Amino acid sequence: SITGNFTNNSATSTSSSAYGGAIDNGGTISSITGDFTGNSATSTNRAAYGGAIFNGSTISSITGDFIGNSATGNSYAYGGAIYNRGTISSITGDFIGNSATSTNTGVYGGAIYNEGTIETIEGNFEGNSATSTEYSASGGAIFNEIGTIETIEGNFEGNSATSTNGDAEGGAIFNYNNGTISSITGDFTDNSATSTNSNAYGGAI
């Protein structure tokens with residue numbers, strides 16, 4: 001288990017990709033308890049995965065708030081707070097002001113990108129953003145691709161997917177490519193999908 005707050009940690013690459021601004025997990029973690037604030041994964045040459053946490057294996061539980069974390073890639077950016085390609089049993093906490101940003105290619109999941117399995121997410125999502133200049137911006141708060149999310153419980157307010165020249169998809173949640181979300185409970189308020197020069201799909205979902 002891990003107990004403690006993670007503040008202003010960073011994973012930065014100028015030549016390749018960046019994974020997990022605070023934690024990069026390829027094994028098994030029983031529990032993580034603490035807040036994640038201002039952590040970042042940044043690549044000036046390739047992709048960025050998980051501004052706070054990159055999980056490629058197993059985490060039983062995550063309890064804490066995620067505030068102002070970021071994934072910024074010259075190429076793709078995935079999951080401003082969490083990138084999951086493994087299994088996370090539960091996530092409990094609020095996601096506020098997290099961001100995924102790229103100027104050149106696609107951006108997926110301002111707060112969470114999932115292509116694995118997450119059993120439950122409990123918490124509110126406020127002011128998270130996925131922003132791209134040249135390509136698609138998808139899932140202002142959550143992007144689920146191929147993966148499975150059993151339950152989401154929480155309100156979504158003021159999240160955004162914004163692109164200048166590409167599509168904007170799912171201001172709060174974008175579920176894509178045979179992804180499965182079994183249950184969503186909560187209110188969606190003032191979320192937006194906005195594209196200047198292409199298509200916009202699903203202001204909320």
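Are Tyr 78 and Tyr 113 buried or exposed? Let's walk there and see.

This model is predicted, so local features need pLDDT of at least 70, side-chain atom pairs count only at pLDDT 80 or more, and totals for chains, interfaces and linings use all residues. Residues are numbered from 1 along each chain as its sequence is written, and side-chain values use heavy atoms, leaving out hydrogens and water.

**Stop 1: the sheet.** Select strands 5, 10, 15, 20, 25 and 30, which line up in that order as an open sheet of 6 strands with parallel pairing. Strands here are DSSP runs of E, at least two residues, numbered from the N terminus, and two of them pair if DSSP finds at least two bridges between them. At the edges you will find strand 5 (23-25) and strand 30 (173-176), each pairing on one side only.

**Stop 2: one edge.** Now pick strand 25 (residues 142-145): strand 25 and strand 30 are joined in the parallel sense over 4 bridges. Glu 145 has Tyr 176 in strand 30 as its bridge partner.

**Stop 3: the rings.** Show Tyr 49 and Tyr 78, an aromatic pair (centres within 6.5 Å). The two are stacked (planes under 30 degrees apart), at 5.0 Å centre to centre with 5° between the planes. Next add Tyr 113: the rings of Tyr 78 and Tyr 113 have centres 5.1 Å apart and planes at 75°, so this pair is edge-to-face (over 60 degrees). Back to the opening: both Tyr 78 and Tyr 113 are buried (under 20% relative accessible area, 1.4 Å probe, protein chains only).

**Last stop.** Widen your selection to the aromatic cluster whose members include Tyr 19, Tyr 78, Tyr 113 and Tyr 176.

Methods. Rings of Phe, Tyr and Trp (its six-membered ring) pair if their centres lie within 6.5 Å; planes under 30 degrees apart count as stacked, over 60 as edge-to-face and the rest as tilted. Buried means under 20% relative accessible area, exposed over 50%, partly exposed in between (1.4 Å probe, protein chains only).
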